[in-house]
Amino acid sequence: MTVNIADLAKEFEVAPGTVFGVLNDLGIEHDGSAFDADGDSLELIRETLSEHMGSKEVVLKTNPTPRDVSSALGVPQAEVQKALLTKLKVMATLTTALKPDVVEKLVAQFGYTLRLEDAPAPKVSTAKPANSAKKGGAQTRPPVVTILGHVDHGKTSLLDYIRKANVASKEHGGITQHIGAYQVTLPEGTITFLDTPGHAAFTNMRARGAQVTDIAILVVAADDGIMPQTREAIQHAKNAKVPIIVAVNKIDRPDANPEHP
C-alpha cells in the first residue's frame with residue numbers, strides 16, 4: 001500500500017521531516033511525499049513514530065533546497081522563502097541548494113532542529129555486489145537484522161558495541177521497552193538493526209520485529225541459558241521463516257556455562 005507522509009506526520013504530531021528520519025533509519029525508500037509498505041512494515045513504522053511524538057527534529061539530505069525544507073516542515077513554500085529573505089537575508093529560488101548553516105538557521109525559525117543525512121539509505125545499494133540487483137528495475141535496500149532474546153541477556157549492549165553508542169544505560173531499569181531502529185555503516189554497506197524488548201510484556205513487538213527482518217540474531221546469556229522469551233523468539237523467527245544466528249553473551253561471567261541447555 002502507498003502511505004502519505006504528511007498524513008502520517010499529522011497523526012503522530014510531528015513534521016514530515018521527522019517521518020523522513022524514521023523511514024531512513026528503517027531503510028524504507030520514499031520520495032518525500034509517500035512510500036510503499038506492507039501491513040507489518042507500516043505497523044513497525046507506527047510503533048517507531050510513537051516514540052517520536054512531539055519531536056522537533058527534522059531530517060533532510062545534505063544541501064537541501066527551499067522546496068525540500070518546505071516539504072520537511074510541512075509549511076508553504078512561500079513562508080520558507082519569506083523566512084530566508086526577511087530573517088536570514090538569503091536570496092534563493094525554490095531549487096537553490098542551501099548551505100548547512102543556512103538550513104539549520106532556517107528550520108530554527110520554525111521551531112525545529114536539524115539532522116542532515118550525508119548518506120541516505122537508498123544510496124546504500126551502490127555498495128552491494130553487482131549481481132544483487134534484480135531485473136525489471138528492482139531496487140536493493142540495506143538488510144534488516146533484528147536482535148531477539150530474553151530480557152536482560154544483553155541485546156541492547158551488544159548493539160551498542162556495534163554502533164559505538166550507549167543506549168542501554170539510558171533505558172528505564174536497563175530494560176528496552178520499545179522497538180529501536182538503527183543503521184550502521186560499514187565498508188561493505190549499511191545494515192539496519194532492530195532492537196526488540198525481551199520482557200514478557202512485549203510479545204507483539206518481538207513478533208513484528210521478526211516479521212520484517214532478513215536475519216534474526218538470538219542473544220543468549222551464558223549465565224542464564226535458554227529462557228521463556230528465548231524460546232518464544234525462536235518461534236517468532238521460525239514463523240517468519242528467517243534464518244537465525246545465535247550469539248552467546250556474558251561468557252566472561254564466573255557462573256557462565258556456554259553449554260547450558
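This report walks through the salt bridges, a strand crossover, a helix pair and a few single residues. Keep in mind that the model is predicted.

**Salt bridges**

Searching the whole structure turns up 5 salt bridges. Here are three of them, with the N to O distance for each.

| Acidic residue | Basic residue | Distance (N to O) |
|---|---|---|
| D25 | R115 | 3.9 Å |
| E57 | R115 | 3.4 Å |
| D68 | K61 | 3.7 Å |

Let's start with R115, which sits in strand β4 (residues 113–117), while its partner D25 belongs to helix α2 (residues 16–25). The two are 90 residues apart in sequence, so their salt bridge ties together distant parts of the chain. R115 also meets E57 through a salt bridge of 3.4 Å. E57 is in strand β3 (residues 57–61), so this pair, with R115 in strand β4, links parts that lie 58 residues apart in sequence.

How accessible is R115? Its relative accessibility is 26%, so R115 counts as partly exposed. E57 comes out at 31%, so E57 is partly exposed too.

Then there's the pair of D68 and K61, whose side chains meet in a salt bridge at 3.7 Å. D68 has a relative accessible area of 21%, which makes it partly exposed. K61 is at 45% and is also partly exposed. Which residues do shared salt-bridge partners join into one network? That would be D25, E57 and R115.

**Helix α2 and what follows**

Now back to helix α2, the one that carries D25. Is α2 largely enclosed or largely open? It is largely enclosed by the rest of the structure, because 9 of its 10 residues are buried. If you want to find them on the model, the buried ones are P16, G17, T18, V19, F20, G21, V22, L23 and N24. The cut-off here is simple: buried means under 20% relative accessible area. Just past the end of α2 you'll come to G27, with a positive phi of about 75 degrees.

**A strand pair and its crossover**

Further along the chain, strand β8 (residues 215–221) pairs with strand β9 (residues 244–249). The pairing runs in the parallel sense and takes in 6 bridges. To line the two up by eye, look for V219, which stands opposite A247 in β9. How does the chain get from β8 to β9? It goes through helix α9 (residues 228–240), making a β-α-β crossover that is right-handed.

**Two helices that cross**

Helix α4 (residues 66–73) and helix α5 (residues 77–86) have axes that come within 9 Å of each other. The crossing angle is roughly 120 degrees. Angles of 65 to 115 degrees would count as roughly perpendicular, but α4 and α5 are therefore oblique to each other. As for the handedness, α4 passes α5 in a right-handed crossing.

**P258**

One last stop is P258, in the segment after β9. P258 has a relative accessibility of 48%, so it is partly exposed. Where does D223 come in? D223 is 35 residues away from P258 in sequence, yet the two C-alpha atoms are 7.6 Å apart in space.

Key: Residues are numbered from 1 along each chain as its sequence is written. This is a predicted model: local features need pLDDT of at least 70, side-chain atom pairs count only at pLDDT 80 or more; totals for chains, interfaces and linings use all residues. Side-chain values use heavy atoms; hydrogens and water are left out. A salt bridge is a side-chain nitrogen of Lys or Arg within 4 Å of a carboxyl oxygen of Asp or Glu. Helices (H or I, at least four residues) and strands (E, at least two) are DSSP runs, numbered from the N terminus. Buried means under 20% relative accessible area, exposed over 50%, partly exposed in between (1.4 Å probe, protein chains only). Two strands pair if DSSP finds at least two bridges between them. A crossover is right-handed if, with the strands pointing away from the viewer, the path from the first strand over the helix to the second runs clockwise. Axes are lines fitted to C-alpha atoms, for helices over the stretch in contact, and angles run from 0 to 180 degrees between N-to-C directions. Angles under 35 degrees count as roughly parallel, over 145 as roughly antiparallel, 65 to 115 as roughly perpendicular and the rest as oblique. A crossing is left-handed if the near helix is turned anticlockwise from the far one by less than a right angle, and right-handed if clockwise.
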